[in-house]
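Me: Could we go through the ligand site of this model together? I will put the structure up first.

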Amino acid sequence: MSIRLSRRAFAILPAAAATMAAGFSPAVAQSAAPIITRAIPSSGERLPAVGLGTAEVFDSDDAATRQKAAAVVHALLAQGGSLIDTASSYGDAERVLGHVTAPTHLRTKLFIATKLEAPDRAELRNSLSRLQTAKVDLLQLHNVDDPQQSLSQFREWKAQGLCRYIGITSTYHRAFPAVEAVLTREKPDFVQVDYSLDDREAERRILPLAADSKAGVLTALPFGRGRLFRAVRGKPLPEWANGFAGSWAQFFLKYLLGDPRVTAVIPGTADAAHMTDNLGAMRGALPNPEQRRRMVEFIASL
Ligand SMILES: NC(=O)c1ccc[n+]([C@@H]2O[C@H](COP(=O)([O-])OP(=O)(O)OC[C@H]3O[C@@H](n4cnc5c(N)ncnc54)[C@H](OP(=O)(O)O)[C@@H]3O)[C@@H](O)[C@H]2O)c1
C-alpha cells in the first residue's frame with residue numbers, strides 16, 4: 001500500500017522506521033499472502049482483521065508519545081491495517097491520534113472506533129474535536145453495565161452522519177448479562193469484549209449471541225494485558241504451530257481469528273515493531289478447530 005505523508009510526518013518517522021527495522025520479522029515482511037479481512041455483518045464492508053488498541057499507550061500528549069503513535073500508525077497502514085480503537089477516557093489518546101492523523105491526511109485510510117461513557121452530545125463533540133475528524137467510523141457505548149441502556153441517541157447520530165457504525169463494549173464478566181440484553185434488544189453493529197486464549201468466557205456467552213444479532217465482534221485484551229507473553233516467557237513456539245504462527249503474538253491472535261465470528265482483534269501497543277509483528281497474524285493460514293483445541297490445552301498446561 002502506498003501512503004502519502006506530509007513533510008511534518010516525515011520529520012517524525014525516521015526514528016519510527018529505525019524502531020521498525022530493529023524488530024522487523026523477515027517472515028512477516030516477505031509474506032506475500034493476502035491480508036485477512038472480515039465482513040462487518042450489518043453492511044458487508046470488509047475490515048482488516050488486525051487493528052490497534054490504544055488504552056494506556058498514548059496517555060499523554062507530548063512529543064515523544066506523538067512520535068511513538070506516528071510510528072505505530074505508520075506500521076499499521078504499511079501492513080494493510082486500518083482499525084484503531086480508542087476512547088474518550090483513554091487519557092490523551094484521542095488528541096494524540098488527531099495530531100498524528102489529521103495533518104498527514106491519513107484519516108481517510110483509517111477506521112477509527114472510539115467510545116463514550118454515556119450518550120452525551122458534549123462528550124461526542126469533544127471526541128470528534130480531539131480526533132480532528134467530522135465523524136468516527138464506529139461509536140461505542142463504553143462498559144455497558146445496565147440491561148436497560150439504550151442506543152437510540154447513538155442511532156440518531158448515525159443517521160446524522162456523525163458515525164458510520166454503533167457498538168457496545170465491556171470487559172467485565174459480571175456485566176455480561178447487561179451486554180447480552182443490550183446486544184439482543186438494540187442490535188448494535190459491533191460488540192467489543194475481552195477474549196484471549198486464557199480468557200474464553202466470551203466464546204461461550206457473547207460470540208453466539210453476536211452471530212444471532214448480526215453484530216461484528218472486536219476482541220479487547222487479546223493478550224490479557226500482556227499476561228499471555230509472561231506465561232510463555234523463555235519458551236519456544238511449539239513446532240506444530242509453525243504452519244500458522246511466526247511469533248507468540250501471532251499464535252495468540254490467530255487463535256482468536258480462528259473463530260470466524262471474530263471480526264477483528266485490537267492488541268494494544270506503543271511499539272511499531274510489535275505492531276508489525278501483530279499484523280503478521282493477518283496473513284497466512286489460521287489454526288483449524290483441532291489446532292485451536294491444542295492451543296487451549298497448551299496454554300492451560302503452563
Ligand atoms: N471496556 C473496553 O471497551 C476495553 C477494555 C480494555 C481494553 N479495551 C481495548 O482493547 C485494547 C487491547 O487491550 P490492552 O492494550 O489493554 O491489552 P492487550 O492488547 O491484551 O496487551 C497489551 C500488552 O501487550 C504488549 N504487546 C503488544 N504486542 C506485542 C508483541 N507483538 N510482542 C510483545 N508484547 C506485545 C504491549 O506492550 P508494548 O506496548 O510494549 O507492545 C502491552 O503490554 C485496548 O488498547 C483497548 O483499545 C477495551
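Reply: Helices (H or I, at least four residues) and strands (E, at least two) are DSSP runs, numbered from the N terminus. This is a predicted model, in which local features need pLDDT of at least 70, side-chain atom pairs count only at pLDDT 80 or more, and totals for chains, interfaces and linings use all residues. Residues are numbered from 1 along each chain as its sequence is written, and side-chain values use heavy atoms, with hydrogens and water left out.

Me: Which helix gives the most to the shell around the ligand?
Reply: Helix 11, residues 272-279, does, with 3 residues.

Me: And which residues come nearest?
Reply: Asp 85, Asn 143, Phe 223, Thr 269 and His 274, out of 29 around the ligand; a residue is near if one of its heavy atoms lies within 4 Å.

Me: What polar partner does a nitrogen atom of the ligand have?
Reply: An N or O atom in the side chain of Asp 277, at 3.1 Å; a polar contact is a pair of N or O atoms within 3.5 Å.

Me: How much of the ligand does the protein bury?
Reply: The protein buries 83% of the 910 Å² that the ligand exposes when taken alone (Shrake-Rupley method, 1.4 Å probe).

Me: Changing topic, where does the ligand sit?
Reply: In the largest pocket, as more than half of its atoms must lie within 2 Å of the grid points for that term. A pocket is an open set of points on a 1 Å grid over the protein atoms alone, where a 1.4 Å probe fits, with protein on both sides within 12 Å along at least five of seven lines; lining residues have an atom within 4 Å of a point.

Me: How many residues line the largest pocket?
Reply: The lining has 35 residues, with Ala 55 and Gly 268 among those nearest the centre.

Conventions
Polar contact = N/O pair within 3.5 Å; in protein donor to acceptor, adjacent residues only side chain to side chain.
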